[in-house]
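Subject: Handing over the structure

Hello,

Here is the structure I promised to pass on to you. Please have a look at it first, and then read on for my notes.

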Amino acid sequence: MDEPIFDAICERLRRRVYIRGSNILCHGDLVEKMVFVVHGRRESINEDGTRVCLFDEDACGEELLIWCLENLLVSTDDNKLRPREWRLHSSRTVTCLTDVRAFSLRAVDLEEVITLFARFLKNPSTLAAIRYELPYWRYLGASRIQAAWRYKKNRLGASSQAN
């Protein structure tokens, strides 16, 4: 990440402490922030019941960044980039397993950073790196591939037994 982008993000971060048992994201609620965890363990529960343990230095709400980058619009009146109305709903619940110390970046602040650095952030290679390098997305992709493989294997096994 370029130094100016990193500085712009750091200026807008806010300290947060989440106590054990509290939720950082709730399934169905609007995603209004990204949370960068400094210390603490969390558990992410997806719509399909898949559980993923998240540890120090993982992020929550990174789907907000991807959604915002994909939905950037140019305003005709002042030629500034503006995201569409915030309507991203969480597809998972993230619960704190221990006390969690973190920094959060509100959606409004994220919009501001993206507006300032839109040319760099809209680059396809940057979008791919954001989407495919984050640990949560890699784990989720791997677990879905495994589930599909098990389903196919069971289907093939059932059809061979029927013959």
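Below is what I found, going from the whole chain down to single residues.

First, please keep in mind that this is a predicted model. The protein chain has 163 residues, and 36% of them count as buried. Its secondary structure comprises six helices and ten strands. About 10,500 Å² of the protein chain is exposed, with 53% of that area coming from carbon and sulfur atoms. If you look at contacts between residues at least 6 apart in sequence, 74% of them join residues at least 24 apart.

**The open sheet**

A good place to begin is the open sheet, which is built from four strands in the order 1-10-3-6 with antiparallel pairing. Its edges are strand 1 (14-18) and strand 6 (59-60), each of which pairs on one side only. Strand 6 is joined to strand 3 (residues 33-39) by two bridges, in the antiparallel sense. To find this pairing on screen, go to Val35, whose bridge partner in strand 6 is Cys60.

Helix 2 (residues 62-70) packs on this sheet, where it touches strand 3 and strand 6. The direction of helix 2 makes about 145° with that of strand 3. Helix 3 (residues 107-116) lies across strand 1, strand 3 and strand 10 (100-106), and runs at about 55° to strand 10.

**How the two helices meet**

Two packed helices are described by the angle between their axes and the distance between the axes. For helix 2 and helix 3, the axes come within 11 Å and cross at roughly 45°. That angle is why helix 2 counts as oblique to helix 3. The crossing of helix 2 and helix 3 is right-handed. Which residues meet there? From helix 2 they are Leu64, Leu65, Cys68 and Leu69, and from helix 3 they are Ala107, Leu110 and Ile114.

**Strand 4 and its partners**

Next, turn to strand 4 (residues 42-46), which is mostly covered, with four of its five residues buried. Strand 4 pairs with strand 5 (residues 51-54) through four bridges, in the antiparallel sense. One pair to look for is Glu43 and its bridge partner in strand 5, Cys53. Together, strand 4 and strand 5 form a hairpin with four residues between them. In the turn of this hairpin sits Gly49, which has a positive phi of about 90°.

Strand 4 is also joined to strand 9 (residues 92-96), by five bridges, and these two strands run antiparallel. Here Arg42 stands opposite Cys96 in strand 9.

**One residue to click on**

Finally, have a look at Ser91, in the loop between strand 8 (81-83) and strand 9. Is Ser91 buried, exposed or partly exposed? Its relative accessible area is 34%, and buried means under 20% while exposed means over 50%, so Ser91 is partly exposed. Leaving aside residues up to four places away in sequence, Ser91 touches His27, Ile45, Asn46 and Glu47. Ser91 and Asp29 are 62 residues apart in sequence, yet their C-alpha atoms are 8.5 Å apart in space.

I hope this helps you find your way around. Happy browsing!

Best wishes

How values were computed. Residues are numbered from 1 along each chain as its sequence is written. This is a predicted model: local features need pLDDT of at least 70, side-chain atom pairs count only at pLDDT 80 or more; totals for chains, interfaces and linings use all residues. Side-chain values use heavy atoms; hydrogens and water are left out. Two strands pair if DSSP finds at least two bridges between them. Contact means heavy atoms within 4.5 Å. Axes are lines fitted to C-alpha atoms, for helices over the stretch in contact, and angles run from 0 to 180 degrees between N-to-C directions. Buried means under 20% relative accessible area, exposed over 50%, partly exposed in between (1.4 Å probe, protein chains only). Accessible areas come from the Shrake-Rupley method with a 1.4 Å probe; for residues, only the protein chains shown count as cover. Angles under 35 degrees count as roughly parallel, over 145 as roughly antiparallel, 65 to 115 as roughly perpendicular and the rest as oblique. A crossing is left-handed if the near helix is turned anticlockwise from the far one by less than a right angle, and right-handed if clockwise.
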